Structure formats: C-alpha cells, structure tokens
Amino acid sequence: LVVELSGNQIEQTPALKAFKFWYLAGWGVCAAADWLQGPYNYVLCEDYGYERDVIAQIFLAGFVVSGVASAFVGHLADRFGRRLACQVYCLLYISA
C-alpha cells in the first residue's frame, strides 16, 4: 500500500488513500455519536434525580472501565482481526 521512493520520500498508493478515507469516515461517525451522547446522558441522569457528584462518579467509572478494557480489546483485535473488532464494536454500540 506504500511505495518507497529514493531518500526519505514515501508515496501513498490509491488503495492506501481509499483505505484511510473510509477508515477515518467510519471512525468520525462513531466518535461524533459518542461526543453527542455525553450531554444527553448527563441530562438524562439529572432527570432521574441523580445528584451532580453521583453523575460525575458514573462518568468517571465509565472512563476507567474504558481505559482498562482497551488493553484487552487491543489483544482481541490482534488475535481475531481488526475488521471483526470494528464490526463487533459497531454492533455493540448500536445495541447500547
């Protein structure tokens, strides 16, 4: 996917450029959905009567779990393939 030229120059093939475009497009949709979901979840927790400190603890727990799980998810992606990992991620995210 990458063609090396003389010296330090590297030229990207059309296949690599297309792959990068579609990868970043898919990642952008998932990241935007996650960013848009945050404020909604905060308001939803307030509507259920949770106090601000409890909401902060819930968000913190989510970030900690995400950080710990990322080490295991990376291993699973290496073992079963990144394509399958991305597909499972999308299915789990949609079902949540």
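**Figure 1. P14 and the span of helix α1 in a predicted model.** P14 lies in helix α1, in a model that is predicted rather than experimental. With a relative accessible area of 68%, P14 is exposed. To get a feel for the helix, follow the chain from P14 to G38: these two residues sit 24 apart in sequence, and their C-alpha atoms are separated by 36 Å. Helix α1 itself covers residues 14-47.

**Figure 2. A nonpolar patch on the surface.** Five residues make up this patch: F19, Y23, L24, W27 and W35. Together they offer about 650 Å² of accessible area. W27 is one of the patch members, and it belongs to helix α1. Is W27 buried, exposed or partly exposed? W27 counts as partly exposed, because its relative accessibility is 48% and the exposed class begins over 50%. Y23, another member of the patch, is also partly exposed, with a relative accessible area of 45%.

**Figure 3. Aromatic pairs, stacked and edge-to-face.** Searching the whole structure turns up three aromatic pairs. One of them brings together F19 and Y23, whose rings are stacked, at 6.1 Å centre to centre and with 25° between the planes. Why does this pair count as stacked? The 25° between its planes falls in the stacked class, which takes planes under 30 degrees apart. F19 and Y23 are four residues apart in helix α1, so about one helical turn separates them. Now look at F21 and W22: their ring centres are 5.0 Å apart and their planes stand at 80°, so this pair is edge-to-face. Both partners are out on show: F21 is exposed, with a relative accessible area of 52%, and W22 counts as exposed at 62% relative accessibility.

**Figure 4. The salt bridge between R82 and D78.** How many salt bridges does a search of the whole structure find? Just one turns up, and here it is: the side chains of R82 and D78 meet, with 2.8 Å from N to O. What about the surroundings of the two partners? R82 counts as exposed, at 55% relative accessibility. D78 is exposed too, with 53% relative accessibility.

**Figure 5. Two cysteines without a disulfide.** C30 and C90 are worth a zoom, although the structure holds zero disulfides. Why is there no bond between C30 and C90? The sulfur of C30 has its closest cysteine sulfur in C90, at 4.1 Å, which is too far for a bond. A disulfide would need the two sulfur atoms within 2.5 Å. Looking from the other end, the closest cysteine sulfur to that of C90 is the one in C30. The surroundings of the two residues fall into separate classes: C30 is buried, with a relative accessible area of 18%, whereas C90 is partly exposed at 31%.

**Figure 6. Confidence along the predicted chain.** Averaged over the protein, pLDDT comes to 85, and 93% of the residues score at least 70. Which element has the lowest mean pLDDT, and which the highest? Strand β1 (residues 2-4) takes the lowest mean, 63, while helix α2 (residues 52-80) takes the highest, 89. Where pLDDT is low, the predicted coordinates should not be read in detail. D78, the acidic partner in the salt bridge with R82, falls within the residue range of helix α2.

Terms used: Residues numbered from 1 in each chain as written. Heavy atoms only, no water. Buried < 20%, exposed > 50% of the residue type's maximum accessible area, 1.4 Å probe, protein only. Patch = residues over 30% accessible without salt bridge, like charges linked within 9 Å, V, L, I, M, F, W, Y side chains within 5 Å. Areas by Shrake-Rupley, 256 points an atom, 1.4 Å probe, with all protein chains shown as cover. Salt bridge = Lys/Arg side-chain N within 4 Å of Asp/Glu carboxyl O. Helix = DSSP H or I, 4+ residues; strand = E, 2+ residues; numbered from the N terminus. Phe/Tyr/Trp six-rings, centres within 6.5 Å; stacked < 30°, edge-to-face > 60°. pLDDT = per-residue confidence, 0-100.
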